[in-house]
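Q: Got a minute to go through this one with me? I'd like to start with how the helices pack.

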Amino acid sequence: MRLRAAVIGLGVGEAHIAGYRAHAGCEVVAVSDVDPVRLEEVGARHPGLRLEPDPGALLDDPGIDVVSIASYDDAHFAQVSRALRNGKHVFVEKPLCLDPGEARQLHELRAAHPRLRMSSNLPLRLSPRFLAVRDALAADRLGRIYYAEADYEYGRLWKLTEGWRGRLPYYSVVLGGAVHVVDLLLWLTGERVVRVTAHGNRIATEGTRFRYDDFVIAVLECASGTILKVTANFACVQPHFHALKLFGTEGTFVNGREAGTLWLGRDDDPRAETIDAPYPGVLKGDLIASFVEAILTGGDAVVTEDDVFATMDVLFAIEHAVRSGTPVELPFTAQ
Ligand SMILES: NC(=O)c1ccc[n+]([C@@H]2O[C@H](COP(=O)([O-])OP(=O)(O)OC[C@H]3O[C@@H](n4cnc5c(N)ncnc54)[C@H](O)[C@@H]3O)[C@@H](O)[C@H]2O)c1
């Protein structure tokens, strides 16, 4: 029998429909949005789906096996909890939830339902450029990584000052933006973060209705001694970009807009190798096929439950470090 999927929240969630349809073992049966106009528009583009104005009706429906949650950030926790309690597999847009208490509860819920799979949408893991970098690391071409940095250069400040992000009771550029680059660094390097120092400011959105930091920088110390740096840089005046540099004892990788460069050879004239695999080169629903496969086979999705909780733990530690002005030890959520 094919899995029956539903999608809640139809902005980026509309791309999830194609993600489920990409796997033959799954069909999309229903969608929901609290905005009736959006619901009708998306329904018109995808005929034959049940259009449900009440997301709770889908979360409670025993006929639905798997649910995508792509509502605003502040709705994720309640919707994910309700879906898990009702025995559904969950693919949730980032961020999973908004604070460590919620993460602890979701961790417990997942542990109580070990058969259920849960994943989150961190599609940079499927970017052909970053997959090529991961291959280079696996082949030990960069040697031992001693420092890496990844910057989430958002370049769309209006989304904070005019869009839904600025209307929520709380919006975090760390949870909403840095999530992508923290996950990218943890996935590429396999490192475990043990201590975080972080700072933030809101110079660029001063005088607007957005009331939280729009820029955050964090230094992540890893168990191995490797140091990572991440920024959530929503205010930058440039097109959206994921800047990435990895410094190893044998080589350096630098991401560029057109191509990445791998510098090799420790002498006065290192040679440059171009990595021109597409970047980002991935669609927002592309991770879903691996998630469906994991449900059907019991294997791991590209983004596992442990990956999701590990990344969230680093993000919450960054947030706490910014607020407290002091370094934060990890694991943080479990404290
Ligand atoms: N993974 C990614 O790369 C990525 C990219 C963009 C957005 N997102 C995430 O997706 C989520 C939605 O962002 P978006 O850009 O699609 O916004 P959007 O405004 O384009 O669409 C969100 C939709 O969800 C609906 N909605 C809001 N609250 C709801 C609720 N409680 N129940 C049902 N529907 C609800 C809204 O009416 C809207 O139609 C956010 O959590 C965001 O962080 C992830």
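**Helix packing and annotated spans**

A: Sure: α4 passes α5 in a left-handed crossing, meaning that the near helix is turned anticlockwise from the far one by less than a right angle. Helices here are DSSP runs (H or I, at least four residues), strands are E runs of at least two, and both are numbered from the N terminus.

Q: Which residues make the contact?

A: From α4 they are F77, V80, S81, L84 and R85, and from α5 they are E102, Q105, L106, L109 and R110, with contact meaning heavy atoms within 4.5 Å.

Q: And what's the angle between α4 and α5?

A: About 15 degrees, with the axes 10 Å apart. The two are therefore roughly parallel, a label for angles under 35 degrees.

Q: Is this model predicted, and how is it numbered?

A: It is a predicted model, where local features need pLDDT of at least 70, side-chain atom pairs count only at pLDDT 80 or more, and totals for chains, interfaces and linings use all residues. Residues are numbered from 1 along each chain as its sequence is written, and side-chain values use heavy atoms, leaving out hydrogens and water.

Q: New topic: what comes just after α10?

A: G325, which takes a positive phi of about 70 degrees.

Q: Which residues does UniProt list for the "GFO/IDH/MocA-like oxidoreductase" domain?

A: The unreviewed UniProt entry gives residues 130-253; such annotations may be inferred rather than shown by experiment. That stretch is 24% helix and 35% strand, and its end C-alpha atoms are 10 Å apart.

Definitions and conventions: Axes fitted to C-alpha atoms, helices over the stretch in contact; angles between N-to-C directions. Parallel < 35°, antiparallel > 145°, perpendicular 65-115°, else oblique.
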